[in-house]
Amino acid sequence: MTSYTSLPSVPRLVIAAPSSRSGKTTVATGLMAALTERGLAVSPHKVGPDYIDPGYHALASGRVGRNLDAYLCGPELVAPLFAHGARGCDIAVVEGVMGMFDGASGQGELASTAHVAKLLRAPVVLVVDASSQSRSVAALVHGFASWDPEVRIGGVILNKVASDRHEELLRDALESTGVPVLGVLRRAPQVDTPSRHLGLVPVAERQAAALEAVAAMAAQVRAGCDLEALVALARSAGALSGPVWEPPVAATGRRKVVAVAGGPAFTFSYAEHAELLTAAGAEVVVFDPLRDEQLPDGTSGLVIGGGFPEMYAAELSANEPLRKAVAELAFGGAPVAAECAGLLYLCRELDGRPMCGVLDATARMDERLTLGYRDAVAVGDSVLAPAGTRMRAHEFHRTVVEPGAGPAPAWGIRSPRPRVEGFVRGGVHASYLHTHWAAEPGVARRFVERCRVS
């Protein structure tokens, strides 16, 4: 049973937008950095399952970026997980996802930015791309401010404003809405971050350039936004009642080394996973499959999360000593949990290049994007869960694994079409599905229990 401790609320803001590509990441990341520069301890959060934006948030704030996903974890865990991440901070900035009211497909407001804002009792700052409008901005903001009376839009930041005259027209139009303008940002190419087939390029792949981009975002927000007004708005957030999430602590004893893949090829991981493993009795050691030729000393369990192995297939394949070490560990019965990128790495080959060969399957890039939340049930017993365990998951990739499931599949998926997926073989659990272990803390405990002390 997860343990809880009550703590006071933290001032907080949710940065939302009418649609994707309006500038949420620029504003949220720049605001985190600008407030950090002022000496505030800023807690960074991201609505939804996205792994990449939290990397930029971490650069901006100096604290680990955390996700708040009402689908993966359930609405009841959003506030407790927020309070856990924001412990000891002066202010929290929560970046939204997609358009403000866009959530899990076909499930109303579930997991939308608006839903999370209500669960956090947090005021919303709406970032509007004003590049192709003037007076119409008032109708847009009025519509968003009045659509759901439980969502409080406390201000607007106008992005991609072309000129002083353009700004004047926008401000005049917005006077009738009663929603204050808290910032105006001009077009600034230097804050742009490169994208590819699954979104922004992760921080780990462009550390120096990412630092420059975050600095540019901070400068833009400092110059164009009323920081004092934004902080005051954050302080107006409603009080949060209830518990603060804590990972359940297992009996103490000699710690079991659990190796966790990291580096540029494997950047997708929720912060709570390492915390859950540690609380369950593991010594979590991060290694880089692009550079390290052996697993960490004493490894008795292996976690390989998501990322972009397809971008590094040649380098991963060239590291033959590590591929052999991973295969030896897996075939020896040690618990191995692999999600998405980890699944590809365990296959015989990826785009024709040899991988670890733990699974009798091949992987390749594909033009089609597979994306969406999944309702999954464990088909059989595995190192992560007993048969029948139901978990919410997220799938996001442009690759194909053939076959898509082994003789013992990992998950049965109910929608959007019934199917089985993934592989369970000995101690190996490999799947395309990303799960959030905070929703089912027994996953980490079960995994660590199956590790042998070496």
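Trainee: Let's start in the middle of the sheet. Which residue of β15 is the bridge partner of I304?
Mentor: Keep in mind that this is a predicted model. β14 covers residues 299-304, and β14 pairs with β15 (residues 336-339) in the parallel sense, over three bridges. In β15, I304 has as its bridge partner A338.

Trainee: And on the β12 side, which residue of β14 is the bridge partner of V260?
Mentor: β12 takes in residues 256-261, and four bridges join this strand to β14, with the two running parallel. Within β14, the partner of V260 is V303.

Trainee: Is β14 largely enclosed or not, and how many of its residues are buried?
Mentor: β14 has partners in both β12 and β15. The burial count fits on one line: the strand is largely enclosed by the rest of the structure, because the buried residues number six of the six.

Trainee: Going out from β12 the other way, which residue of β13 is the bridge partner of V257?
Mentor: β12 and β13 are joined by six bridges, again in the parallel sense. The partner of V257 in β13 is E283.

Trainee: What are the edge strands of this open sheet?
Mentor: Follow the order, which is β13-β12-β14-β15-β23-β22, six strands with mixed pairing. On average, neighbouring strands are turned by 15 degrees against each other, direction ignored. An edge strand pairs on one side only, and that describes β13 (282-287) and β22 (423-425).

Trainee: What angle does the direction of α11 make with that of β14?
Mentor: α11 spans residues 320-331 and packs on the sheet. The helix touches β13, β14, β15, β22 and β23 (428-431). Its direction and that of β14 make an angle of about 110 degrees.

Trainee: Just after β15 there's C340. Is C340 buried or exposed?
Mentor: C340 sits in the loop between β15 and α12 (341-346). Its phi is positive, near 55 degrees, although this residue isn't glycine. With a relative accessible area of 7%, against a cut-off of under 20%, C340 counts as buried.

Trainee: Where is the other non-glycine residue you'd flag, R121, found?
Mentor: R121 has a positive phi too, near 50 degrees. Look at the loop between α4 (113-120) and β6 (124-129).

Trainee: Which peptide bond is cis, and what is its omega near?
Mentor: Go to the loop between β19 (390-402) and β20 (411-413), where you'll find P403. The cis bond runs from E402 to P403, and its omega is near -5 degrees.

Trainee: Now the hydrophobic part. Which helix gives the most to the largest nonpolar core?
Mentor: That core has 110 residues, and those with the most contacts inside it are L31, M100, L120, L158, L277 and F447. As background, nonpolar side chains in soluble globular proteins tend to be buried together. Another core of 40 residues lies apart from this one, with Y312, A338, L343 and A361 among its members. With seven residues, the top contributor to the 110-residue core is helix α1.

Trainee: What residues is F447 in contact with?
Mentor: Set aside its neighbours within four places in sequence. The contacts that remain are V258, L277, G301, L302, V303, P335, V336, A337, V383 and L384.

Trainee: How is α1 placed against α7: roughly parallel or roughly perpendicular?
Mentor: The contact brings together residues such as L31 and A34 of α1 with others including M217 and V221 of α7. By class, eight nonpolar, five polar and two charged residues take part. The axes of α1 and α7 (residues 207-224) are 7 Å apart, at an angle of about 85 degrees. That angle makes the two helices roughly perpendicular.

Trainee: How many residues of α3 are buried?
Mentor: The helix covers residues 78-86 and is mostly covered. The buried set includes L81, F82 and H84, and after the helix comes G88, with a positive phi near 80 degrees. The tally for α3 is nine of its nine residues.

Trainee: What is the relative accessibility of V78?
Mentor: V78 lies in α3. Beyond four places in sequence, V78 touches L68, D69, A70, V116, L119 and L120. V78 counts as buried, at a relative accessibility of 1%.

Methods:
Residues are numbered from 1 along each chain as its sequence is written. This is a predicted model: local features need pLDDT of at least 70, side-chain atom pairs count only at pLDDT 80 or more; totals for chains, interfaces and linings use all residues. Side-chain values use heavy atoms; hydrogens and water are left out. A nonpolar core is a set of buried Ala, Val, Leu, Ile, Met, Phe, Trp, Tyr and Cys residues joined through side-chain atoms within 4.5 Å. Buried means under 20% relative accessible area, exposed over 50%, partly exposed in between (1.4 Å probe, protein chains only). Contact means heavy atoms within 4.5 Å. Axes are lines fitted to C-alpha atoms, for helices over the stretch in contact, and angles run from 0 to 180 degrees between N-to-C directions. Angles under 35 degrees count as roughly parallel, over 145 as roughly antiparallel, 65 to 115 as roughly perpendicular and the rest as oblique. Ala, Val, Leu, Ile, Met, Phe, Trp, Tyr, Cys and Pro count as nonpolar, Asp, Glu, Lys and Arg as charged, and the others, Gly among them, as polar. Two strands pair if DSSP finds at least two bridges between them.
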